[in-house]
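Student: I should like to take a close look at a single part of this protein and then follow its surroundings outward. Please give one connected account.

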Amino acid sequence: MIKNVINCFKEDNPVIQKKLRKVSVEEGMEIARELFEILNERKDGIGLAANQIGYDAAVAVVNVREPLILINPVIKEQWDEVPYYEGCLSFPGKGCHTKRYRNVIIHTEQEEGDWYFSGTESGAEGKGTWESEGKKQNQELRLLEAVCVQHEIDHLNGMRILDRIVDTTIRVEKKPGRNEPCHCGSGKKYKKCCERK
């Protein structure tokens, strides 16, 4: 029987904020197979970490441009910060603004080399509008993949998107009226003090 993703708004998940234990490649592959089965059955997600279904194991999967398995992944380098709006299967309906990186280099247990994910704009010039649109879509997918990899690795380190919320509210400082006390602290009315400056 396939496990369900634990809805953290309704159920307790004791491992959602825990740094998960390292696993062998064999155990990681078994868990990854189960994670992909859940994603395929649900059809509403692009990534899933083991702790989202209650496992204490540093394993996650990502399926944006191609299926990827992350076993004991480590972020080695990241740069070019970018604001992003993310959602999470563990917190359904609760998307939030975060800051991620366009470029990230990671290492996983089952691969000898590192993986480089980049949502940076391609430098090649397009010859027609259809090619430009294809490049834009590809760039957006690459950025989504880079963000998803960072999101899943966060899960494996016990971090939720709710821990990464960035306040995007624009606050406008209210200017005092002409006859209100000046905000500089002089005690004079605004029209006779700072309004003239």
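Which residues in H1 are buried?

Tutor: The model is a predicted one, and the account below should be read accordingly. In H1, the buried residues are Gly-28, Ile-31, Ala-32, Glu-34, Leu-35, Phe-36, Ile-38 and Leu-39. The helix that carries them covers residues 25-42, which makes 18 residues. From its first C-alpha to its last, H1 reaches 25 Å, close to the 26 Å expected at 1.5 Å a residue. Just after H1, Lys-43 adopts a positive phi of about 60 degrees.

The next matter is what lies over the helix. The cover of the buried residues of H1 includes three strands: E1 (47-49), E2 (59-63) and E3 (67-71). E1 and E2 run antiparallel and are joined by three bridges. Within that pairing, Gly-47 has Val-62 of E2 as its bridge partner. E2 and E3 also run antiparallel, with five bridges between them, and a hairpin of three residues connects E2 to E3. Asn-63 stands opposite Pro-67 in E3. Of the five residues of E2, four are buried, so this strand is largely enclosed by the rest of the structure.

Val-62 connects several of these elements. Setting aside neighbours within four places in sequence, Val-62 is in contact with Phe-36, Ile-46, Gly-47, Pro-67, Leu-68, Leu-70, Cys-148, Val-149 and Glu-152. One of these contacts, Phe-36, is among the buried residues of H1. Val-62 is also one of the residues with the most contacts inside the largest nonpolar core, which has 18 residues. The others named for that core are Leu-70, Ile-106, Trp-115, Phe-117, Val-149 and Leu-156. Two or more residues of this core come from each of E2, E3, E5, E6 and H2. H2 makes the greatest contribution, with five residues. Apart from this core lies another, of 17 residues, and Ile-31, Ala-50, Ile-53 and Val-61 are among its members. Ile-31 is one of the buried residues of H1, so the helix has a named member in this second core.

The aromatic residues can be taken next. The structure holds three aromatic pairs. One of them is stacked: Trp-79 and Tyr-116 lie 5.7 Å centre to centre, with 15 degrees between the planes. This pair links distant parts of the chain, since Trp-79 belongs to strand E4 (residues 74-86) and Tyr-116 to strand E6 (residues 115-118), 37 residues apart. Trp-79 is partly exposed, at a relative accessible area of 33%. In the pair of Trp-115 and Phe-117, the ring centres are 6.3 Å apart and the planes stand at 85 degrees, so this pair is edge-to-face. Phe-117 counts as buried at 6% relative accessibility, and both Trp-115 and Phe-117 were named above for the largest nonpolar core.

The charged side chains complete the picture. Side chains of opposite charge can pair when their charged atoms come close. A search of the whole structure finds twelve salt bridges. In one of them, the side chains of Arg-100 and Asp-154 meet at 2.9 Å, N to O. Arg-100 lies in strand E5 (residues 96-107) and Asp-154 in helix H2 (residues 129-156), so this salt bridge ties together parts that are 54 residues apart in sequence. Arg-100 and Asp-154 are both buried. Asp-154 also forms a salt bridge with Arg-164, at 2.5 Å, N to O. Here Asp-154 lies in H2 and Arg-164 in the segment after H2, so the parts tied together are ten residues apart in sequence. The relative accessible area of Asp-154 is 9%, whereas Arg-164 is partly exposed at 29%. Together with Glu-86, the residues Arg-100, Asp-154 and Arg-164 are linked in a network of salt bridges.

A further salt bridge joins Arg-160 to Asp-163, with the closest N and O atoms 2.8 Å apart. Arg-160 counts as buried at 18% relative accessibility, because the cut-off for buried is under 20%. Asp-163, at 36%, counts as partly exposed.

Terms used
Residues numbered from 1 in each chain as written. Predicted model: local features only at pLDDT ≥ 70, side-chain atom pairs only at ≥ 80, totals over all residues. Heavy atoms only, no water. Salt bridge = Lys/Arg side-chain N within 4 Å of Asp/Glu carboxyl O. Buried < 20%, exposed > 50% of the residue type's maximum accessible area, 1.4 Å probe, protein only. Expected span 1.5 Å × (residues − 1). Contact = heavy atoms within 4.5 Å. Phe/Tyr/Trp six-rings, centres within 6.5 Å; stacked < 30°, edge-to-face > 60°. Core = buried A, V, L, I, M, F, W, Y, C linked by side-chain atoms within 4.5 Å. Pairing = 2+ DSSP bridges.
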